[in-house]
Amino acid sequence: MRSPLGVEPAGARDRDRHPDHDIVQRGAFPAMEAFTIHTGRAVPLRRSDVDTDQIIPSEWLKRIERTGFGAGLFSEWRADEGFVLNNPAYAEASILVAGPDFGTGSSREHAVWALQDYGFRAVISPRFADIFRGNALGNGLLPVQLPAGTVEALQTAVEQDPTVEITVDLAAREVRGAGLVAPFELDDFTRWRLMEGLDDVGLTLRHEELITGFEATRPGWLPSAV
Amino acid sequence: MGRTLAEKVWDAHVVRRADGEPDLLYIDLHLVHEVTSPQAFEALRLAGRPVRRPDLTLATEDHNVPTTNTLAPIADPISAAQVEALRKNCAEFGVRLYPMNDPGQGIVHVVGPQLGLSQPGMTIVCGDSHTSTHGAFGALAFGIGTSQVEHVLATQTLPQRRPKTMAVTVDGDLPAGVTAKDLILAIIARIGTGGGAGHVIEYRGAAVRGLSMEGRMTVCNMSIEAGARAGMIAPDDTTFEYLAGRAHAATGPDWDEAVAYWRTLASDDDAVFDREVVIDAASLTPYVTWGTNPGQAAPLDSLIPTPGDYADPAARASAERALTYMGLTAGTPLSEVTVDTVFIGSCTNGRLSDLRAAADVLRGRRVADGVRALVVPGSMQVKAEAEAEGLDEVFRAAGAEWRSAGCSMCLGMNPDTLRPGERSASTSNRNFEGRQGPGGRTHLVSPAVAAATAVTGQLTAPAQL
């Protein structure tokens with residue numbers, strides 16, 4: 001269930017370009033999907049502490065692939081007919097609006113892959129667990145932190161009218177829709193990296209000489225695993 | 001202004017710092033297991049990149065491995081394929097691996113410390129949230145996702161935003177019968193599952209200083225359950241005594257140089273933490289969880305809470321949902337909750353001192369009829385040490401199952417799982433819905449409480465036996 005994506009050309013405006021733009025390598029696998037602006041329907045998940053064991057149960061973690069996790073997304077909860085993702089009114093949703101402390105627990109990046117594979121492009125919550133947030137930013141799934149009252153208002157709006165469209169605008173760092181305009185914070189560097197769809201390995205390898213230089217300063221007594 | 005332990009370790013590992021960008025941190029040790037690494041190795045392969053520092057990388061098989069019949073092939077073909085993928089990847093990229101049945105195999109967070117690889121002042125990462133365990137040594141140790149695993153394999157570094165710091169000071173001494181597990185459950189209940197978000201917690205105070213290294217590992221292990229990026233304890237003589245003589249620890253003049261450096265790591269007296277929490281050790285009693293996140297914990301001698309008592313609507317809704325899932329009634333004494341299964345093991349409580357604590361309770365007693373009790377050492381070395389002391393005989397004589405090393409019933413990735421509706425007292429770290437198997441109900445407890453619960457069939461502290 002992929003929704004139409006309202007994605008502008010990456011790096012459309014010059015002021016968003018990082019000075020190193022032209023020399024950055026693209027990640028070989030998989031190219032991170034750039035995120036600039038996305039407009040879509042949203043599904044309300046009125047639960048706090050949504051842990052990654054719920055997002056993708058551990059049985060799914062035995063797979064060695066990086067794709068195909070959408071079927072496992074919230075699989076225990078989806079077994080309940082009344083679960084919000086089973087409501088056909090939200091079948092087209094591409095934005096998840098969840099309660100506080102989303103993505104707690106295990107470091108499994110499979111949680112992010114499952115959300116993306118299912119069709120989500122952004123998650124909105126009053127607070128994210130740190131590892132989940134890092135994993136999401138590394139894959140181009142935008143974690144948008146908004147005040148609890150704003151999240152609540154968005155949930156209420158999409159409960160009242162599931163066809164309401166929400167826009168997550170990374171360039172402007174704001175969420176718009178349902179009569180709301182809500183700014184969110186994201187540092188300039190991370191925003192630039194997301195808008196360009198750049199992978200961190202390529203960015204870091206530009207500094208390989210610094211890494212080699214650092215290694216020369218490490219004390220000899222540090223342990224080796226060999 | 002002085003610096004905290006976390007800030008000192010951080011500053012010593014910055015490869016590159018640039019305005020507005022995350023710091024690029026050097027990683028001293030990268031631990032790897034079969035679950036979160038296959039996609040990372042595959043990415044390296046596709047990009048034609050090597051593992052930059054195989055000598056700073058160590059792999060073990062733990063999440064998928066069965067804990068019985070370990071000489072037979074793994075029955076589940078998907079688990080078997082994942083373990084096989086790790087073996088192939090380690091061979092191809094030159095990474096040292098401790099496979100099933102190897103004397104060095106075990107849970108990744110038990111193996112690193114027992115080898116003496118986890119040392120003060122180091123940066124340690126692993127594709128596993130309980131990497132915070134190694135912070136017990138005064139290392140900055142944290143869990144990462146698979147893309148970051150790939151990043152560390154390729155570059156031995158990680159771009160990271162500098163975290164905030166939080167001091168959790170536990171004054172006084174823990175009362176008799178109160179363990180490291182009770183302490184960390186009480187801390188998480190106090191600050192909440194998101195209370196440590198964005199922070200590195202430093203555990204301080206007399207009660208923390210008084211813990212053994214294994215107790216400190218239990219505390220730091222569950223830092224992630226409070227949402228913290230990492231948990232740390234300043235290294236001291238307890239740390240150095242634990243490390244001295246271990247396989248990968250320095251010797252001779254190198255050891256002296258290392259210890260001299262390690263002694264400089266403690267937070268300065270004038271260091272300022274972004275947040276401070278103080279806990280009175282004397283007020284603590286054995287703790288258990290009643291809900292479906294580790295923050296939903298209470299003293300074992302208290303009543304299951306009433307959701308309506310929570311002022312915060314999200315906490316109230318969460319409590320209501322948790323009680324429904326757990327099949328519990330508000331107001332019931334926790335000590336009246338009956339269990340079907342007792343699990344003693346995991347990276348939280350699968351070390352020798354944990355097994356000793358459980359054996360001390362079970363010695364001369366019997367597991368209650370109808371209760372299944374699994375005792376799973378955290379590593380093959382722990383297993384061997386426990387057997388040398390005869391602990392396996394104590395467990396068997398009591399009617400418990402003595403298993404081989406692995407993550408076992410901590411998570412539903414291997415044959416050791418709860419059946420739907422089944423209830424456990426578990427020394428592991430997560431009581432999430434379905435964590436130990438779909439529909440399973442988990443109460444987190446200390447090894448001593450787990451053992452006493454096995455004897456009575458209901459949540460019990462050893463003092464009540």
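Which residue of β2(A) is the bridge partner of Pro44(A)? Select Pro44(A) and look across to β2(A): the partner is Val97(A). The model on screen is a predicted one.

**The β1, β2 and β3 strands of chain A**

Begin by selecting residues 32-148 of chain A, where UniProt, in an unreviewed entry, places the feature "domain: Aconitase A/isopropylmalate dehydratase small subunit swivel". Helix makes up 24% of this stretch and strand 18%. Its end C-alpha atoms lie 29 Å apart.

Now show strand β1(A), residues 37-45, together with β2(A). The two are parallel and are paired over four bridges. Of the nine residues in β1(A), seven are buried, leaving the strand mostly covered.

Add strand β5(A), residues 165-169. β1(A) and β5(A) run antiparallel and are joined by five bridges. To find this pairing in the viewer, pick Thr39(A), which stands opposite Thr167(A) in β5(A).

Go back to β2(A), residues 95-98, and turn on its side chains. Ile95(A) and Val97(A) are on one side, Leu96(A) and Ala98(A) on the other, and all four are buried, with both faces of the strand covered.

Next select strand β3(A), residues 122-125, which pairs with β2(A) in the parallel sense over three bridges. Leu96(A) faces Val123(A) across this pairing. Follow the chain from β2(A) to β3(A): the path goes through helix α3(A), residues 110-118, and the β-α-β crossover is right-handed.

**Aromatic rings and charges**

Colour Phe, Tyr and Trp. Over all chains there are 17 aromatic pairs. Zoom in on one of them, Phe102(A) with Phe132(A): the arrangement is edge-to-face, with 5.2 Å centre to centre and 75 degrees between the planes. Phe102(A) sits in the loop between β2 and α3 of chain A, while Phe132(A) belongs to helix α4(A), residues 130-139. The pair links distant parts of the chain, 30 residues apart.

Are these two rings buried or exposed? Phe102(A) has a relative accessible area of 0%, so this residue is buried. Phe132(A), at 3%, is buried as well.

Staying in chain A, select Arg63(A) and Phe69(A). Arg63(A) lies over the face of Phe69(A), 4.7 Å from the ring centre. For another case, in chain B, select Arg246(B), which lies over the face of Tyr242(B) at 3.7 Å from the ring centre.

Then show Trp221(A) with Phe240(B), Trp255(B), Tyr261(B) and Trp262(B); ring pairs link these residues into a cluster.

**Helix α10 of chain B**

Trp255(B) and Trp262(B) lead to the next stop, helix α10(B), residues 252-262, where both are buried along with Ala258(B) and Val259(B). Look down the helix axis: the buried residues of α10(B) fall within an arc of 95 degrees, so they line one face of the helix. Rotate to the face turned away from this buried side, and Pro253(B) and Asp256(B) appear, both exposed.

**A last stop at Thr338(B)**

Select Thr338(B), in the loop between α11 (313-326) and β15 (341-344) of chain B. Its relative accessibility is 48%, so Thr338(B) counts as partly exposed; the cut-off for exposed is over 50%. Finish by drawing a distance from the C-alpha atom of Thr338(B) to that of Leu459(B): the separation is 6.5 Å, although the two residues are 121 residues apart along the chain.

Key: Residues numbered from 1 in each chain as written. Chains lettered and ligands numbered in written order. Predicted model: local features only at pLDDT ≥ 70, side-chain atom pairs only at ≥ 80, totals over all residues. Heavy atoms only, no water. UniProt positions renumbered as here; feature names shortened; annotations may be inferred. Buried < 20%, exposed > 50% of the residue type's maximum accessible area, 1.4 Å probe, protein only. Pairing = 2+ DSSP bridges. Right-handed = clockwise from strand over helix to strand, strands pointing away. Phe/Tyr/Trp six-rings, centres within 6.5 Å; stacked < 30°, edge-to-face > 60°. Lys NZ or Arg CZ within 6 Å of the ring centre and 35° of its normal. Arc of directions from axis to C-beta.
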